[in-house]
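Hello,

Here is the structure we spoke about. Please open it first, then read the notes below it.

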Amino acid sequence: MSVPISVTVNGRLHELEVEPRMLLVHLLREELNLTGTHVGCDTSQCGACTVLMDGDSAKSCTVFAVQADGASVTTIEGLSAEGGMHPLQQAFWDEHGLQCGYCTPGMIMSGVDLLDRHPDPSEQEIRRGLDGNLCRCTGYEHIVNAIRDAAGGAK
Amino acid sequence: MVAPAKKPYRVIGSRPVRPDGTDKVTGRANYGSDIRLPGMLYGRVLRSPHAHARIVRIDPSKALAHPGVKAVITQADFPAAEDVITDLGETASNLKWLVDNVLASDRALYHGHAVAAVAATDPHVAEDALGLIEVEYEPLDPVLSVHEAMAEAAPRIHPHMHTVEMLARFSPGPRSEHDIPNAASHLRLEIGDLEQGFAEAEIVIEREYETGTAHQGYIEPHNGTALWNESGELTVWLSTQGPFMMRDQLARMLKLPVSKIRVIPMEIGGGFGGKIPMYMEPMAAALSRKTGRPVKMIMQRDEVLLGTGPTSATYVRVKLGARRDGTLTAAEAYLAYEAGAYPGSPVGAGGMCMFSPYSIPHQRADCYDVIVNKPKVSAYRAPGAPAGAFAMESALDELAEQLDIDPLELRQRNAAVDGTRRIDGAAFRSIGNEAVMRAAEESPHWNSELQGENRGRGIAMGYWGNGGLESSAYATVNRDGTVGLVLGSVDIGGQRAALAMQIAETLGIDYEQVKPIVVDTDSIGYTAVTGGSRTTFASGWAVHEAGLEIRRELEARAARIWEVDAALVHYDDDGVIRGPEDRSLSFAEIAGQLHRTGGTVQGKADVMPEGTGPAFACHIVDVEVDPDTAKVEVLRYTAIQDVGTAIHPDYVEGQIQGGAVQGVGMALTEEYVYDDEGRLRNASLLDYRMPTTLDVPQIETILVEEPNPGHPYGVRGVGEVPIVPPLAAIANAIHQATGVRPRTLPASPRVLLEEMLPEA
């Protein structure tokens, strides 16, 4: 039993037949080979699977693929349309906002959503905006710095 | 060797971006779960719902009849494991225990213990098939704490086990004269004469402390993909801290020569010690052999919490003797650490580390490794040390209070210095312990005033010995003046950068000229795990040696080009080769001429360096405790540490910050919760609560740099010690804030509030 859906991923329309129990993250990873979106906890605490759905951050491990029918999804691979790096990607690299790198794509996607809502965030706003993303390596400080750097060094 | 001066380095101490950064921020980096091979099957594991049960029968027939299911395995599909102790890296272990932990034999010994595995054409089909494997269990009484386990009448989890007397930390001796139920081993560490030490004391305090079970909590779940081909060669792609260690384990369990196994490390999404043991990898291999197809297995998060990791829950009793002026005369500890279902807790390290920041003439630690019906523990960042330090550093705080001495001053009065003997009898040389305490004393945090109600400040020390072990590296000079650097150490948090920086320093070239790559076990010499705070130290030594070999060979080439005696040619630290009559060649210039002067130049090194430099840390923390809910908020945190030479200061700070935050989790929120039947009740990251951005403040770091004379660049391991002080630092801060002394961690509101409420 499969269900037809049409979903736009990183600007490209895909018409697919999916099992009703397939999760969006598995659609992205297994069907579309977009493996930059990671699975960490299965239950939406860690945020490694964060993508943008119609512009808002969403944890793709807790969205069924069929729920994405008609939606526009942006993953880490689609963040910079022109090639090169999105300012947040550059900032995470420059500010050493990663150690193992596994949580990084989700952190960056949450960061995009955060800067969308708070273009000039305070430290507290940054921490609030990222509290749905776990990082076990860094203690968060360099991640907060990276967001701040991407926002143009705003304090 | 010559003590490294704090010389003005060219590359070391700078903060370049990491070579693997682009791929990690754009989602292109390949982690183990990204692997996809033609014809690949998906494996899943069936786990015991019981903490302790006899397995009467496993019937896979219904699962095998399910469309899409290709194979089911149990332990019977593996070669019989002999019941003998083998030496496996740092710890001696019995092969049968290792194998039984991968897949249960006749008994399941913890909730989540693997009993069977299935391979199917689709992950969903594999999951469905798990429900079709029929297992008949006969539940047995579980043993769930060291106290229960060591009681006279306790059921023996391993009926034939007898307490072994350890001769030293990693060397088992004879059967103990005092057999204790479920105590796999007893280790006594001792210096001086304890009786004399306590006789000299004017004040003696004795306290008990306990810690819960915590998990390493890496965000990437375990994964492994195996292909066992028709010639009997096994290839495994996976997330591991130690590809060679994994090869060793697989060879032993599968009874294959190591030459038949190739382990390909993918990018690793965190480990902290937990990605060293084998779990699903041999299952994936056996399923591949059975089906003739590659088999990929990925754990779900509940399986990670149930079946891997964690660290020991612990009980530590500590007794201190001191003079009125604060001078410690004697220290005694009794440590009992949960090993989980099979022997091998890090209790010896707990006893080894807890007194080490101090000069105490008479010391004894009795360390018991205790079997319980919980997952077999694995290493977790400074394994064993945080619980021991929690006890010692809390007791010191109580002592300081009783003697009315400032807690930092008490520590400074007793500080271990060069020449101080540790509990294992060895004497320290070139340690930064006092310098760390001095930096704490001078820190803005310690000198700031803490204002406000319900607030308190705590301080604690931590010690960790750091590791050495084997490392292999080689480097190739390319014609364009770059260097390809080939590494056996997997990169878990910036090792490519830290190692590229060291060879760039040795060769006098720019960091950007070095192209590091991590390779598989067929492509480089034996390299021990990325862990034990050893990689920047030992692999750094290897790349330095490889660099020196390149320098010597390039001198010879320059001599040949100039047609002069090689003794007249010198490779200078700025990367320029100089000869007689002001002749000189830059690195890039000579690199471009190699193909005309004898071909490519490579430097290689296989090292096993002695001379590891121990690490000391001091953490200061301010907390506020809500008087109504007992929720603890961390307001300010400063971590001071002797880091030897900070190769890449941002990464050193990152190690300290990450370790400190893990320690905050251990102290406040992280804990396995079991019911009376031994079932884990919180196997998810919703209920197993790791710190988020909102749970911790900025972690301020102060790097003290006392170069390690045992390393060419003065490197000390930095990764582990930052998790040692936080438990006691926070407990001491909570005490100052509330008057309540947390002696059981985590200091969750549930535990703390009971103590804080006035008695009815």
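How many of the ten residues of α5(A) are buried? Eight are, so α5(A) is largely enclosed by the rest of the structure. Please keep in mind that this is a predicted model.

**Helix α5 of chain A**

The buried residues of α5(A) can be listed by name. They are Glu141(A), His142(A), Ile143(A), Val144(A), Asn145(A), Ala146(A), Ile147(A) and Ala150(A). What do they pack against? Within chain A, the partners are α2, α3 and α4. Chain B adds α18 (649–668) and β30 (699–704). So the surroundings that largely enclose α5(A) include elements of both chains. After α5(A) comes Gly152(A). Its phi is positive, near 95 degrees.

**Chain A as a whole**

Chain A has five helices and five strands. Starting at the N terminus, the order is β-β-α-β-β-β-α-α-α-α. The C-alpha atoms fill a box of roughly 50 × 30 × 25 Å along the principal axes. The radius of gyration is 15 Å. A compact globule of 155 residues would have a value near 15 Å, so chain A agrees with that expectation. Of the 155 residues, 57% count as buried. Contacts between residues at least 6 apart in sequence were also sorted by separation. In chain A, 58% of them join residues at least 24 apart.

**Two domains in chain A**

The domain assignment splits chain A into domain 1 (3–75) and domain 2 (87–150). Their C-alpha centres lie 21 Å apart. The contact takes 13 residues from domain 1 of chain A and eleven residues from domain 2 of chain A. On the domain 1 side, β3 (50–53) and β4 (56–59) each supply at least two residues. The largest share there comes from β3(A), with three residues. By class, this side of domain 1 has five nonpolar, seven polar and one charged.

**Where chain A meets chain B**

How many residues of chain A are in contact with chain B? The count is 41 residues of chain A, against 43 residues of chain B. Four helices of chain A give two or more residues each to this side: α2 (87–94), α3 (104–117), α4 (123–129) and α5 (141–150). The largest share, four residues, comes from α2(A). By class, the chain A side has 17 nonpolar, 14 polar and ten charged residues.

**A helix pair in chain B**

Please also look at α3 (residues 95–102) and α7 (residues 243–254) of chain B. They pack at an angle of about 95 degrees, with their axes 10 Å apart. That makes α3(B) roughly perpendicular to α7(B). Which residues meet here? From α3(B) come Leu95(B), Leu98(B), Val99(B) and Val102(B). From α7(B) come Gln249(B), Arg252(B) and Met253(B). By class, the contact has five nonpolar, one polar and one charged residues. One general point helps when reading such lists. An α-helix has 3.6 residues a turn, so residues three or four places apart point the same way.

**Where to start**

I would begin with α5(A), where eight of the ten residues are buried. Then follow its packing partners into chain B, α18 and β30. The contact between the two domains of chain A, with 13 residues from domain 1 and eleven residues from domain 2, can come after that.

Best wishes

Methods
Residues numbered from 1 in each chain as written. Chains lettered and ligands numbered in written order. Predicted model: local features only at pLDDT ≥ 70, side-chain atom pairs only at ≥ 80, totals over all residues. Rg over C-alpha atoms; globule rule 2.2 N^0.38 Å. Buried ≥ 20, exposed ≤ 12 C-beta atoms within 10 Å, placed from the backbone. Contact = placed C-beta atoms within 7 Å. Axes fitted to C-alpha atoms, helices over the stretch in contact; angles between N-to-C directions. Parallel < 35°, antiparallel > 145°, perpendicular 65-115°, else oblique. Nonpolar A, V, L, I, M, F, W, Y, C, P; charged D, E, K, R; others polar. Domains from an automatic or database assignment.
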